[in-house]
Amino acid sequence: IAYNRRFHIAIAASCGSARLARSAVEVIEQFDRFTYMSLTTVPRREGLQRFVDEHTAIIDAIGRRDKRQAQALVLAQVASSRKRTLAAIANPAIVP
């Protein structure tokens with residue numbers, strides 16, 4: 001979760017607007033709970049590597065200044081995260 005937070009904060013910090021970056025960081029920090037919850041639906045080793053791969057692809061697109069590819073990758077990651085989070089909410093782990 002800390003890795004995910006650092007990744008998204010680094011992206012926000014590079015946006016060129018201090019005001020927008022601060023706002024994004026506030027939202028990113030609030031989403032830690034949802035990130036944790038969404039990870040409960042993913043097999044640990046497979047899931048963590050998938051997130052690293054997704055982040056690497058986003059970094060590569062940004063590095064190439066390929067705005068369309070970076071945007072498509074971010075939108076796909078958001079959709080995937082949303083789906084995982086909603087699945088975790090719909091099927092919460094029950095601890096006796």
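## Ile9 and helix H1

In this predicted model, Ile9 has a relative accessibility of 24% and therefore counts as partly exposed, since the partly exposed class lies between under 20% for buried and over 50% for exposed. Ile9 is placed in helix H1, which covers residues 2-13.

Setting aside residues up to four places away in sequence, Ile9 touches Val25, Ile28 and Glu29. For one of these partners, Glu29, the separation from Ile9 is 20 residues in sequence, while the C-alpha atoms of the two are 8.8 Å apart in space.

## The chain as a whole

The chain contains five helices and zero strands, and reading along the sequence gives the pattern α-α-α-α-α. Along its principal axes, the C-alpha trace spans about 50 × 25 × 20 Å. Of the 96 residues in the chain, 21% count as buried, and the area that the chain exposes is about 7,300 Å², of which carbon and sulfur atoms supply 60%.

When contacts with a separation of 6 or more are considered, residues 24 or more positions apart account for 60% of them. As for charge, the chain has 15 positive and 8 negative charges, and the mean positions of these two groups are 3 Å apart.

## Salt bridges

How many salt bridges does a search of the whole structure find? The search finds two. In one of them, Asp32 pairs with Arg5, and the closest N and O atoms are 2.7 Å apart. Because Asp32 lies in helix H3 and Arg5 in helix H1, this pair ties together parts that are 27 residues apart in sequence. Asp32 is buried, with a relative accessible area of 17%, whereas Arg5, at 26% relative accessibility, counts as partly exposed.

Another salt bridge joins Arg64 to Asp66, with the closest N and O atoms 4.0 Å apart. Here Arg64 counts as exposed, at 52% relative accessibility, and Asp66 is partly exposed, with a relative accessible area of 30%.

## Two buried residues of helix H3

Helix H3, which covers residues 32-39, contains Thr35, and Ser38 has its place in helix H3 as well. Are these residues buried or exposed? Thr35 is buried, with a relative accessible area of 16%, and Ser38 is buried too, with a value of 3%; both values lead to this label because buried means under 20% relative accessible area.

Leaving aside neighbours within four places in sequence, Thr35 is in contact with Ile1 and Asn4. Ser38, when residues up to four places away in sequence are not counted, touches Ser81, Arg84, Thr85 and Ala88.

## Helix H5 and a nonpolar patch

Which residues form a nonpolar patch on the surface? The patch is made of Val27, Phe31, Phe34, Leu86 and Ile89, which together have about 450 Å² of accessible area. Ile89 lies in helix H5, which covers residues 67-90, and Ile89 counts as partly exposed at 46% relative accessibility.

Ala90 also lies in helix H5, and with a relative accessibility of 55% this residue counts as exposed, because exposed means over 50%. Measuring from C-alpha to C-alpha in the model, Ala90 and Arg68 are 33 Å apart in space, and these two residues are 22 positions apart in sequence.

Technical notes:
Residues are numbered from 1 along each chain as its sequence is written. This is a predicted model: local features need pLDDT of at least 70, side-chain atom pairs count only at pLDDT 80 or more; totals for chains, interfaces and linings use all residues. Side-chain values use heavy atoms; hydrogens and water are left out. Helices (H or I, at least four residues) and strands (E, at least two) are DSSP runs, numbered from the N terminus. Buried means under 20% relative accessible area, exposed over 50%, partly exposed in between (1.4 Å probe, protein chains only). Contact means heavy atoms within 4.5 Å. Accessible areas come from the Shrake-Rupley method with a 1.4 Å probe; for residues, only the protein chains shown count as cover. Lys and Arg count as positive and Asp and Glu as negative; His and the chain ends are not counted. The place of a charge is taken as NZ of Lys, CZ of Arg, CG of Asp or CD of Glu. Patches are made of residues with over 30% relative accessible area and no salt bridge: like charges are joined within 9 Å, nonpolar side chains (Val, Leu, Ile, Met, Phe, Trp, Tyr) within 5 Å. A salt bridge is a side-chain nitrogen of Lys or Arg within 4 Å of a carboxyl oxygen of Asp or Glu.
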